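Work through the exercises below with the sequence and the model in view. Each task is followed by its solution.

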Amino acid sequence: MTDSNSNSLRRLVHKLGTWPETVFLFLLGFLVIWYGSTSSPRYGWMYAPDANIYLTMGQAWLQEGLFPYADLFDHKGPLIFLIDGLASLISPGGYTGLYLMESLAMGATFIIWYRMALLLLGSHARRIPLIGVCTMAILIGSKALLPKLSLDSSILSQGGEAELYILCLMSLSLLALLKTRGTRSFLWSMIAGASLAGISLIKFNLVVYYPLLWGAFCLADSATTWKNAARSLMGQISGYLMIIAAMVLIFVLRGHGEQLWNVYIGFNAQYRPTLSGSLGNMKHLFLDNTAFLTLGGIGAAALGWFPHRRNDLRGWASISLSLLSYLVLILMMNGVTIIPGYIYYLIPLLPYFFAALLLFFHGLMNQGTTWEYALPALAALLYIRDTSIPRNDSNSAEVIGELSREITSHAQGRPIRLLCYGCMDSGLYRALRATPPVFYYMHPNDQEQPDRNGPHSIGRTQDSYIEKGEIDYVLMRYPVNLPPGQKPYYKNTRAQGIMQNLVEQGTWEPLGDPKPFAPQVEVRLYARKTDRTAPPAIGNAAQ
């Protein structure tokens, strides 16, 4: 290549800036979701109950005008329903819209991480941030990051969609913090606040990490004054309140403000574990995921050190606050994470893990290109190894199709009034393009105990739907072939006993045979006999 051509190439690269990397990382997000998420066209059906619940709620909200918390029940934040409602508008009876939404979130996260790395390492190190993000993409898509945390097994296929959006918003809030260094940009402060509002509207308790991390950044920045800190705080509060107020106003104007508070805040408060319980769960969490969480802690320390790299008292205080934000975030999310299959709650910790990866690359920046590519090469080998892992959802699409045909044939044109009795949504409403007929159209994935008024009242209310003849079809989803020592959910055992009693009374009948639906999960349909003369009596079977 001549000197003239070489100079032309350099000028072109300089003119393009980081746009080539940005486009590449955006497309990489689509590739990772295509490979790993069950919303991907590679899969036949989304068997994850959480994602189906969000889609059902969102579709009913945006297409039928049925409001979350007032007309239909779930306890996640309203933003996830709005996102999935938009996905349903794109593909009303499928998952293409969800795939696009998840891919946009993943691609945006990769771009944000790249921008964060440029700010932390310096614009001269464009290659290192790109290698770091690509390494994270490979690790996320394989089982190398966590044995139980990978797109190939459970990160999204078992309900991690909400955590994926939270990950994107958390990453954006971190980028906004870095952007406000020295400048105290009011606009970026507002973006940070708006990102936190988005997190609050999905899982409100997770935002507690942010004030500690903001304090860490302020401590380390020698340019921080009370005036600058106040300006930044006002920007963050303004951005936060604008988004929260807009969402609350949507509900208040339709007369559903009280329901929004009672369900999203009041009901979720029942999940609050005791302090001793949280600490005990955290102990088990660290024992099960020691390597991942330790590296995340190193990353938290790196976030406190990277922006200003101070070795004085303020620098150590910044590192300590950043570590504390990490521990508090784990404490807020660990109430149920040790339950098998809930490990995807750790997804919001990935920015800390990425910071640890950057620290590793930072130490190798002067060691030559061989070392720079060593970790991505190792990750790629692990990724290739995981492509041979068999998937367990091959029959989900066939089962959903068969269930849909059985109900449609039996209904003979009548409205389909379906209840997910004692179980979560398996996507059957979506396959039937049916709207849930009752408020508690499904039962949240919680072990229902008689002394827990919230979840327990849901089971009783579902009983009343059947007693009053408001339901014609019942879908039951229950565990099979559980590992030794793992008990089935109380709600499943109870609901099965009730339905057996109704079948013996002759008021209900099985519709088809039990069908394997997902790993360790079977589904079964029941139909109310149309020739009955009186509503079924549930009686003592509910006890």
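**Exercise 1: Surroundings of Leu349**

Task: Which residues does Leu349 touch, not counting residues up to four places away in sequence?

Solution: In this predicted model, a contact requires heavy atoms within 4.5 Å. With residues up to four places away left out, Leu349 touches Phe292, Leu293, Tyr326, Leu329, Ile330 and Met333.

**Exercise 2: The largest nonpolar core**

Task: Find where the largest nonpolar core lies relative to domain 1 and domain 2.

Solution:
1. The largest nonpolar core has 150 residues, and Leu349 is among those with the most contacts inside it, along with Phe110, Trp113, Leu418 and Val474.
2. Helix 5 (residues 96-121) supplies the largest share of this core, 15 residues.
3. Residues of this core come from both domain 1 (15-369) and domain 2 (393-528), so the core lies between them.
4. As a general background, nonpolar side chains in soluble globular proteins tend to be buried together.

**Exercise 3: Strand 2 and its partners**

Task: State how strand 2 pairs with strand 1 and with strand 4, and why strand 2 is described as largely enclosed.

Solution:
1. Strand 1 (residues 418-420) runs parallel to strand 2, and 3 bridges join them. Here Leu418 stands opposite Tyr473.
2. With strand 4 (residues 521-528), strand 2 pairs in the antiparallel sense over 7 bridges. Val474 stands opposite Tyr526 in strand 4.
3. Buried means under 20% relative accessible area. In strand 2 (residues 473-479), 6 of the 7 residues are buried, so the strand is largely enclosed by the rest of the structure.

Note on methods: Residues numbered from 1 in each chain as written. Predicted model: local features only at pLDDT ≥ 70, side-chain atom pairs only at ≥ 80, totals over all residues. Heavy atoms only, no water. Buried < 20%, exposed > 50% of the residue type's maximum accessible area, 1.4 Å probe, protein only. Helix = DSSP H or I, 4+ residues; strand = E, 2+ residues; numbered from the N terminus. Pairing = 2+ DSSP bridges. Core = buried A, V, L, I, M, F, W, Y, C linked by side-chain atoms within 4.5 Å. Domains from an automatic or database assignment.
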